[in-house]
Amino acid sequence: MDFAFTKEQLLFKKEVIQFAKKEIVPRVREHDLKGEFDFESFRKMGDFGILGLHFPEELGGQGADVITTVLAGEALGEAGVDGGLTLAYGAHTFLCADTIFRHATDAQRRKYIPKLASGEWIGCMGLSEPDAGSDVASMRTVAEKRGDTYVLNGTKMWITNGPIADVAVVYAKTNPEAQHAGISAFIVEKGTPGFSAGPPLIKMGVRTSHTSELIFQDCVLPAENLLGKEGEGFLMAMQTVEWDRSALLAPFVGSATYLLKKCAQYAKGRVQFGRPIGQFQAIKHKLADIRIFGEAARALVYRIAWCKDQGRPLNHLEAAVAKLFVGDWSLKPTNDAVVLHGGYGYTHEFDVERIFRDSRLAPIGGGTSEVQKMIISKLM
Ligand SMILES: Cc1cc2nc3c(=O)[nH]c(=O)nc-3n(C[C@H](O)[C@H](O)[C@H](O)COP(=O)(O)OP(=O)(O)OC[C@H]3O[C@@H](n4cnc5c(N)ncnc54)[C@H](O)[C@@H]3O)c2cc1C
């Protein structure tokens with residue numbers, strides 16, 4: 001068992017951190033306060049190569065392995081990039097582009113992947129619905145085959161990048177009588193008649209990512225926009241959510257390192273009762289707890305990356321464990337960081353307040369902690 005990164009991987013991580021600190025982080029606070037998506041940073045991530053890292057070079061990617069891809073996500077978090085932008089990147093690259101890459105025809109790959117890898121187009125993925133979240137198989141969006149078209153009707157909910165996306169991967173029932181086996185996946189482009197997105201929802205955290213409904217009213221799609229075969233959608237979605245439970249978690253791992261540095265710095269400088277608060281055992285323990293969370297989360301998240309690099313198509317148990325751990329246990333260190341900063345921790349002055357709000361999504365998005373425990377208890 002080899003826990004070491006290669007020299008190239010470590011160098012790449014350093015480069016991503018430098019890039020993000022220079023090009024993205026200076027605007028994070030402003031965008032978070034305004035609840036605005038940072039289009040400029042997103043495009044710069046495309047130019048740098050982050051959006052298409054694991055796609056082949058001929059499709060505009062870098063041909064990177066999954067570990068290097070996860071390393072990029074960790075680096076963004078470590079540099080101090082906010083959870084909104086890293087979520088937007090994750091939904092774009094892994095939930096949308098990767099699904100197209102794996103299941104589309106060659107022509108569709110050539111049409112969509114280079115645009116998505118460069119950031120010229122923004123992608124999203126619509127699985128959840130207003131009445132079907134944890135129980136996605138009960139979705140009501142239908143795709144009815146009519147000649148050489150499909151007609152979509154229904155509403156998707158909570159869709160990251162929904163209001164700004166140029167292309168969406170959308171799940172709908174081609175056989176409404178069936179549960180899992182009746183679900184199929186489609187590519188839907190912005191501007192398709194009958195397809196619209198709702199206004200951005202106002203959220204507690206990840207405020208720089210835009211989240212909305214996707215609405216389908218007699219939306220007619222060419223039959224070739226079906227991804228894979230009819231009825232394969234649920235399996236595709238399950239492969240996709242594994243990214244939710246690996247690469248999308250990587251920024252939380254990096255964020256723990258960022259948080260630790262911020263907290264240690266503050267604990268050294270803040271003097272109470274005649275000495276730096278970092279000399280009090282209660283504060284030292286909080287710092288130790290942040291470190292412990294970061295170490296454990298890193299091991300679990302990279303294990304999934306490793307499994308994927310080994311070519312294992314489905315890693316449900318490992319992914320559910322990683323998702324559950326990062327989701328539930330990130331709440332303590334982020335809360336501790338606010339507490340450690342006293343009154344300042346409750347303000348925008350230091351980033352800990354934003355990180356605390358952003359981390360609150362971890363036990364919800366991509367499947368709640370209760371659902372992960374259900375999966376773990378079923379599979380173990
Ligand atoms: C900011 C944000 C971004 C998102 N981005 C996307 C996206 O890009 N694409 C997308 O498709 N979806 C997205 N989602 C949706 C997300 O995946 C769902 O919110 C999540 O799966 C939970 O579904 P729900 O909100 O309908 O909650 P529900 O399923 O209604 O759950 C409500 C509560 O009941 C619990 N519960 C449900 N079933 C069980 C059970 N069997 N046993 C025990 N407890 C249970 C849940 O754990 C939860 O606590 C996003 C959500 C948010 C908040």
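1. Start with how helix 9 and helix 11 cross: the crossing is left-handed. This is a predicted model, so read every value below as computed from it. Helix 9 covers residues 281-309 and helix 11 covers residues 331-340, and the two pack at an angle of about 150° with their axes 9 Å apart. Angles over 145 degrees count as roughly antiparallel, so helix 9 is roughly antiparallel to helix 11. On the helix 9 side, the contact is made by Ile283, Lys286, Leu287, Asp289, Ile290 and Phe293. Helix 11 brings Lys332, Pro333, Asp336, Val339 and Leu340 to it. Sorted by class, the residues of this contact come out as 7 nonpolar, no polar and 4 charged.

2. Helix 9 also packs against helix 10 (residues 316-329), at an angle of about 155° and with the axes 9 Å apart. That makes helix 9 roughly antiparallel to helix 10, and this crossing is left-handed too. From helix 9 come Phe293, Ala296, Ala297, Leu300, Val301, Arg303 and Ile304. They meet Glu318, Ala319, Val321, Ala322, Phe325, Val326 and Trp329 of helix 10. The class count here is 12 nonpolar, no polar and 2 charged. If you're following along in the viewer, look for Phe293: this residue is listed in the contact with helix 11 and in the contact with helix 10.

3. Next, helix 5 and helix 7. Helix 7 spans residues 233-244, and the pair packs at an angle of about 135° with axes 10 Å apart. That makes helix 5 oblique to helix 7, and helix 5 passes helix 7 in a right-handed crossing. Phe94, Leu95, Asp98, Thr99, Arg102 and His103 are the helix 5 residues involved. Across from them in helix 7 sit Met236, Gln239, Thr240, Trp243 and Asp244. The mix is 4 nonpolar, 4 polar and 3 charged residues.

4. One residue of that contact deserves its own point: aspartate 98, in helix 5 (residues 83-103). Is aspartate 98 buried or exposed? Its relative accessible area is 3%, so it counts as buried. The aspartate 98 side chain makes a polar contact with the side chain of arginine 102, at 2.7 Å. Setting aside neighbours within four places in sequence, aspartate 98 is in contact with His54, Phe55, Thr93 and Trp243. For a sense of scale, aspartate 98 and glycine 49 are 49 residues apart in sequence and 15 Å apart in space, C-alpha to C-alpha.

5. Helix 12 (residues 352-359) is worth finding too. How many of the 8 residues of helix 12 are buried? The count is 7, so helix 12 is largely enclosed by the rest of the structure. The buried ones are Val352, Glu353, Arg354, Ile355, Arg357, Asp358 and Ser359. What do they pack against? Helix 2 (28-34), helix 5, helix 8 (250-269) and helix 11.

6. Over in the strands, serine 212 lies in strand 7. Serine 212 has 0% relative accessibility, so it counts as buried. Not counting residues up to four places away in sequence, serine 212 touches Lys156, Met157, Trp158, Ile159, Gly162, Pro163, Ala197, Gly198, Pro199 and Leu201.

7. Asparagine 225 is found in the loop between strand 7 (211-222) and strand 8 (226-227). With a relative accessible area of 10%, asparagine 225 is buried. Beyond neighbours within four places in sequence, asparagine 225 is in contact with Gln108, Ala185, Phe186 and Ile187.

8. Finally, two backbone details to check. Most residues other than glycine have a negative phi. Tryptophan 158, one of the residues serine 212 touches, has a positive phi near 70°. Tryptophan 158 lies in strand 3 (residues 149-160) and is exposed, at 55% relative accessible area. Phenylalanine 273 also has a positive phi, of about 55°. Look for phenylalanine 273 in the loop between strand 9 (271-272) and strand 10 (275-276). With a relative accessible area of 80%, phenylalanine 273 is exposed.

Note on methods. Residues are numbered from 1 along each chain as its sequence is written. Side-chain values use heavy atoms; hydrogens and water are left out. Axes are lines fitted to C-alpha atoms, for helices over the stretch in contact, and angles run from 0 to 180 degrees between N-to-C directions. Helices (H or I, at least four residues) and strands (E, at least two) are DSSP runs, numbered from the N terminus. Angles under 35 degrees count as roughly parallel, over 145 as roughly antiparallel, 65 to 115 as roughly perpendicular and the rest as oblique. A crossing is left-handed if the near helix is turned anticlockwise from the far one by less than a right angle, and right-handed if clockwise. Contact means heavy atoms within 4.5 Å. Ala, Val, Leu, Ile, Met, Phe, Trp, Tyr, Cys and Pro count as nonpolar, Asp, Glu, Lys and Arg as charged, and the others, Gly among them, as polar. Buried means under 20% relative accessible area, exposed over 50%, partly exposed in between (1.4 Å probe, protein chains only). A polar contact is a pair of N or O atoms within 3.5 Å; within protein, one must be able to donate a hydrogen and the other to accept it, and residues adjacent in sequence count only if both atoms are side-chain atoms.
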